[in-house]
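Here are a few exercises to work through with the model open beside you. Try each task before reading its solution.

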Amino acid sequence: MNNIIVAKDLTYGYERDTVVLKDINLKINKGEMIALTGKNGSGKTTLSKHFNGLLKPTKGTILVDGIDTREETVDRIALKVGYVFQNPDHQIFNDTVYKEAAFGPENQGLEGEELRKRVVHALEAVGLLEYENIYPYSLSKGQRQRLSIASVIAMNSEAIVLDEPTTGLDHRESLEIMELLKELNSEGITIIFITHDMNLVAKYGQRMIVLSQGEIIADDSPRNIFKMKKVIERAHLRVPLITELAQELEMFRDAPLDPQEFFQGLCEMRRDYANVLTS
Amino acid sequence: MSSPVSYISRDSIIHDLHPLTKMIASLWFLTLGIILNKPVYLAAILALILVCGFAASISREIFKSLKSITVFAFIIFLIQIIFYRSGEVAFYIIPGANLLPATLEGINFGISIALRMMIILLSFVILLSTTQVRDMMMVLVEKLKIPYDYAFMFVTALRFIPTFLGEVAKIQEAQRTRGYKVDGINPIKKIYSYVPIALPLVMMSLSKGELLALAMETRAYGIQNRRTYLKEWRMGRMDLILIIGMFLLIVLSIRLV
Ligand SMILES: Nc1ncnc2c1ncn2[C@@H]1O[C@H](COP(=O)(O)OP(=O)(O)OP(=O)(O)O)[C@@H](O)[C@H]1O
Ligand SMILES: [Mg+2]
């Protein structure tokens, strides 16, 4: 089994006559790092809640690691796919950071040394180990977000879905979270993150999925999707400024995604130009 | 998030009535529902309420809530006839074994109780779906002279119920993905197992309350004693006729009892 998620003709509506997701077909491989994007209300959250069985399709099927979500309960599927909600305050209820991160694995039946090892590893990964005895509400927003990620890491799931994990965080805290996700991904965990920030997509998304009105209108690498003017327009996205500038200049073979690539491109051009002059 | 009963904006004579008239009418239905006990009278009152719903052109919505209210009323009816012991036996609920006798009086009593339930619930459904909360608040403050702060507190609490239900749903979702389950039988354990839901809710409510207070203060809440209202209501002729009519009918029904 190489696919962690397979959706087939997935259709969903919250009420009987409304359709929020239309015929979604999607395969996600183990070990991918995917950015899920689209304008407000396009169905990103709704789709992502299907990945761990919080919502079940009204039509079509979704398999999580080969299991039909309609045949399993959420707490069982959560072993495979963890979910980090947009607002960490919807889940924090313990009086120490350690206990908060231990809640999930405890529910899985872990105890003693093994539990301790898991929780310490998770807190270490998000850089909160030194705060293990602190009251969670005294942490900053970014730290609380990392705590909720730790409490998912501690459950040892194969994939983690994050709904706008960097919204409301400053630049530094956002990057720390994204670097953490990249690190987890390099350990083999599948990462699916929802975001409106195209700079983060460019930097961290190996693959990008664009939703519009409940349908997937693009599914490719960010580099390729940034060239699709119509898709960008329809999904109310804006490519990173440096990419837009390069596209306007029409001097680059392949529009760069960040300043570094832009600079490299310029250097190449200068070299070519020098070669032309000398020959 | 829509709550089970919320204001439905329509153009109707009921919507145009003074909020005070409608509040009196709800109390009137409540009183009649309590003092009358013959099923015929109660059925007549219920019919009158349905007419009001029709006049408010919310018959579709009323019909929807009527369905769930009827189920509820029927269960109450069943409980009554099972536990009512005196009087002539009409039939047995489990006929073969002559078990659980239902008496004539019990049936009568059960029907009355069920009708009462429906009257009380429906009259409040109609009140809440045809009267805006802020108009009821105006009546509480201006006509009944309740201090504005208390009226505001009451109305704000009502207004936040749907929000809280939404928050509870989100918290439940978050904890479920962490393998949370409500533990079964042991009552102490059961209460304890609600902590993961209750605590985030309390924390969020506190911070919401603080924000609300701040937002109100920055918009000069409490700076002046005299308040004005977006819409000033005036008692019309229809209101007076209805209030006098209701008064007379109450006197009449006291004689009926
Ligand atoms: N609980 C709900 N009940 C009914 N409709 C809902 C519910 N949640 C979302 N919707 C509707 O479903 C559609 C998709 O919502 P969803 O939250 O999935 O969008 P999104 O892409 O996550 O948007 P955002 O960027 O604002 O988070 C919207 O039209 C929304 O109004
Ligand atoms: Mg969303």
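## Exercise 1: Chain A as a whole

Chain A contains 11 helices and 10 strands (DSSP runs numbered from the N terminus, with H or I over at least four residues for helices and E over at least two for strands). This is a predicted model, in which local features need pLDDT of at least 70 and side-chain atom pairs count only at pLDDT 80 or more, while totals for chains, interfaces and linings use all residues. Residues are numbered from 1 along each chain as its sequence is written, chains are lettered from A and ligands numbered from 1 in the order in which they are written, and side-chain values use heavy atoms, without hydrogens and water.

Task: work out how compact chain A is for its 279 residues.

Solution. Step one: take the radius of gyration over C-alpha atoms, and the globule rule as 2.2 Å times the number of residues to the power 0.38. Step two: compare the 21 Å of chain A with the 19 Å from the rule; the values are close, so chain A is as compact as a globular protein of that length. Step three: look at burial, where buried means under 20% relative accessible area, exposed over 50% and partly exposed in between (1.4 Å probe, protein chains only). Buried residues account for 53% of the 279 residues in chain A.

## Exercise 2: Salt bridges in chain A

Task: find where the partners of Asp89(A)–Arg144(A), Glu132(A)–Arg116(A) and Glu176(A)–Arg146(A) lie.

Solution. Step one: apply the criterion, a side-chain nitrogen of Lys or Arg within 4 Å of a carboxyl oxygen of Asp or Glu. Over all chains, the structure holds 19 salt bridges.

Step two: Asp89(A) and Arg144(A) form one at 2.8 Å, N to O. Asp89(A) sits in the loop between strand 6 (81–84) and helix 3 (97–107), and Arg144(A) in helix 5 (residues 141–153), 55 residues apart. Both residues, Asp89(A) and Arg144(A), are buried.

Step three: Glu132(A) meets Arg116(A) at 3.6 Å, N to O. Glu132(A) is in the loop between helix 4 (112–125) and helix 5, and Arg116(A) is in helix 4, so the bridge ties together parts 16 residues apart in sequence. Glu132(A) is buried at 16% relative accessibility, whereas Arg116(A) is partly exposed at 34%.

Step four: Glu176(A) pairs with Arg146(A), also in a salt bridge (3.6 Å, N to O). Glu176(A) belongs to helix 6 (residues 171–186) and Arg146(A) to helix 5, so parts 30 residues apart in sequence are tied together. Glu176(A) is partly exposed, at 34%, and Arg146(A) is buried, at 13%.
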